[in-house]
Amino acid sequence: MRLKTKRKGIYPKHNKSRTHNKPIERIDAPAIMVYPMSMHIGAPAKPIVEVGSTVKVGTLLGEAQGFISANIHSSVSGEVISIEDREVISGVITCLIVKNDGQYTEEPPYPEAGEDVTPELVPELIRRAGIAGMGGATFPTDVKMRPSKDGKIDTIILNGAECEPYSTSDFRTMVEYAGEIIEGVRVIDGVFNVDKVYIGIEDNATEAGDVLREAAAGYDKIEIKVLESKYPQGSEKQLIENCTGRQVPSGGLPADVGCIVSNVGTFQAIYRAVRLGKPMVERVTTITGTPIVDPKNLLVRIGTPIDDLIDICGGFQEAPRKVLHGGPMMGKTIKDGSIPISKGTTHITFLTAAEVDEEERIDCIRCSECLNVCPVSLQPILISNAYERGDIEKAEQLGAMDCIECGNCSFICPSKIPLLDNIRKSKTAIKQNKKAV
Ligand code: SF4
Ligand code: SF4
């Protein structure tokens, strides 16, 4: 049964059919790999190797700094040939460049990992493995998985609602690694002993629900929630409400309503860290879009430059006009193909000139569509206007920080006003103002 869901949303074209049924292909890494010291939200990691250092698969390259941060590991064996600042997805970041020796010699697994790991050790192993949310948000996972004294977590929610157009990496991960995902759930259930586990998927991915249901046979806490295919169905607050009926308060966190939410792939990474003792060095990424001859779901070693994946997908049949890290709703434009696949790269979308909306901005026609589609009931045009006249205080009063950056407002706006861009910039300015105080 599909649940008709409550919050507002929109219905962009899925554009998933070219990769939906394509099994994940594991590929080799290229000769040169790039490891930004920030592939996560929070403080960048600090490099702990030098130019000339020999590394293996799993060698710690950068150490997490502070509570909200994540370790960075090498995904190949070889030699560190440079440490330099480069522009990547999250800005200009220190990157370690490693020359791949093609041997893929591995570090030994963590000796504490295995079937008998104590609940106390689970967050430590997740931190050591450098796991950050794989749905694109890249929040360091160990922080979520530490029990707090302030309140009980009674519900785990796996986010398999892959609502961003073009991406099929979560879908293929659910279909092909269902057993590992369910084992990851058991690991986290061992920490919190929850009452209920929901796996939220959209109704265009019911095959994944069938495979997960089979993998979870006999594990009665688990319920698959089949939700309407709607954007942004996979946003954290929306998913919590649709699965549990609970509403996260403005400025609040899932833990405030007793929930942990994480992407399905993140649970697979947790299984691999805690049971197998392996750090996060690879992920499934969809390389897709009309210009690509043979779009694919690839198991890619983190640090692989995007340029190196194009030939593997048959090259271009038409010149791309735009490349997005992610999809058209929340994705960021990539201007340089040397940018690597990172922990949050769900997909890379190539768009043709005809698919890129290049109409010019005109004045707001006061149609109210941006208000109608905002899933968190903001007034996007008012926040945008406040930002454009430099009134950051007003943008904050209007709730800019509650924006989940879904992009619905920009997508729907007939006047092509860059609402999401302006709201993102407002949020940055609000944070900077707070730091300066
Ligand atoms: S204001 Fe934020 S949350 Fe609301 S529609 Fe726009 S991007 Fe989405
Ligand atoms: S959708 Fe665009 S044109 Fe309509 S009210 Fe919002 S900003 Fe104005």
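Reader: What phi does Gly-326 take in the hairpin of strand 16 and strand 17?

Author: Gly-326 takes a positive phi, near 105°. The hairpin has 6 residues between its strands. This is a predicted model, in which local features need pLDDT of at least 70 and side-chain atom pairs count only at pLDDT 80 or more, while totals for chains, interfaces and linings use all residues. Residues are numbered from 1 along each chain as its sequence is written, and chains are lettered from A and ligands numbered from 1 in the order in which they are written.

Reader: How do you know that strand 16 and strand 17 pair?

Author: A strand is a DSSP run of E with at least two residues, a helix is a run of H or I with at least four, and both are numbered from the N terminus. Two strands pair if DSSP finds at least two bridges between them. Strand 16 (residues 322–325) and strand 17 (residues 332–333) have 2 bridges in the antiparallel sense, so the cut-off is met. His-325 has Lys-332 as its bridge partner in strand 17. Strand 16 also pairs with strand 18 (residues 347–351), antiparallel, over 4 bridges. There, Leu-324 has Thr-349 as its bridge partner.

Reader: Why are both faces of strand 16 called covered?

Author: Lys-322 and Leu-324 lie on one side, Val-323 and His-325 on the other, and all are buried. A residue is buried if 20 or more other C-beta atoms lie within 10 Å of its own, exposed if 12 or fewer, and partly exposed in between, with C-beta atoms placed from the backbone.

Reader: Why is Gln-397 called buried or exposed?

Author: Gln-397 has 12 C-beta neighbours inside 10 Å, so Gln-397 counts as exposed. Gln-397 belongs to helix 11 (residues 392–397). Gln-397 and Ile-383 are 14 residues apart in sequence, with 8.9 Å between their C-alpha atoms.

Reader: How do you know that the length of helix 4 agrees with what its residues should span?

Author: The expected span is 1.5 Å times one less than the number of residues. The 15 residues of helix 4 (residues 178–192) should therefore span 21 Å, and the end C-alpha atoms are 21 Å apart, which agrees. After helix 4 comes Asn-193, with a positive phi near 45°.

Reader: Which residues of helix 4 are buried, and what covers them?

Author: The buried residues are Ala-178, Ile-181, Ile-182, Gly-184, Val-185, Val-187, Ile-188 and Val-191. An α-helix has 3.6 residues a turn, so residues three or four places apart point the same way. The cover includes helix 1 (121–128), helix 3 (169–176) and strand 11 (196–202).

Reader: What makes strand 3 and strand 5 edges of their sheet?

Author: The sheet is open, has 4 strands in the order 3-9-8-5 and pairs antiparallel. Strand 3 and strand 5 (54–55) each have a single partner strand, so one side of each has no neighbour in the sheet. Inside this order, strand 8 and strand 9 (residues 91–100) pair antiparallel over 10 bridges. Glu-87 stands opposite Val-92 in strand 9.

Reader: Where does strand 3 meet another domain?

Author: Strand 3 (32–36) and strand 8 (78–88) each supply at least two residues to the side of domain 2 that touches domain 3. Strand 3 gives the largest share, 4 residues. Domain 2 covers 27–100 and domain 3 covers 282–351, with bounds from an automatic or database domain assignment. Their centres, taken over C-alpha atoms, are 20 Å apart. The contact (C-beta atoms, placed from the backbone, within 7 Å) takes 14 residues from domain 2 and 20 residues from domain 3.

Reader: How do you know which residues are near ligand 1?

Author: A residue is near if its C-beta atom, placed from the backbone, lies within 6 Å of the molecule or strand in question. Of the 16 residues around ligand 1, Cys-374, Cys-403, Cys-406, Asn-408 and Cys-409 come nearest. Helix 13 (419–436) is one of the elements that give two or more residues to this shell. Helix 13 gives the most, 3 residues.

Reader: What makes up the shells around ligand 1 and ligand 2 by residue type?

Author: Ala, Val, Leu, Ile, Met, Phe, Trp, Tyr, Cys and Pro count as nonpolar, Asp, Glu, Lys and Arg as charged, and the others, Gly among them, as polar. The shell around ligand 1 divides into 13 nonpolar, 2 polar and 1 charged. Around ligand 2 the division is 9 nonpolar, 2 polar and 2 charged. Ligand 2 is surrounded by 13 residues, and the closest are Cys-364, Cys-367, Cys-370, Ile-381 and Cys-413.

Terms used: Contact = placed C-beta atoms within 7 Å.
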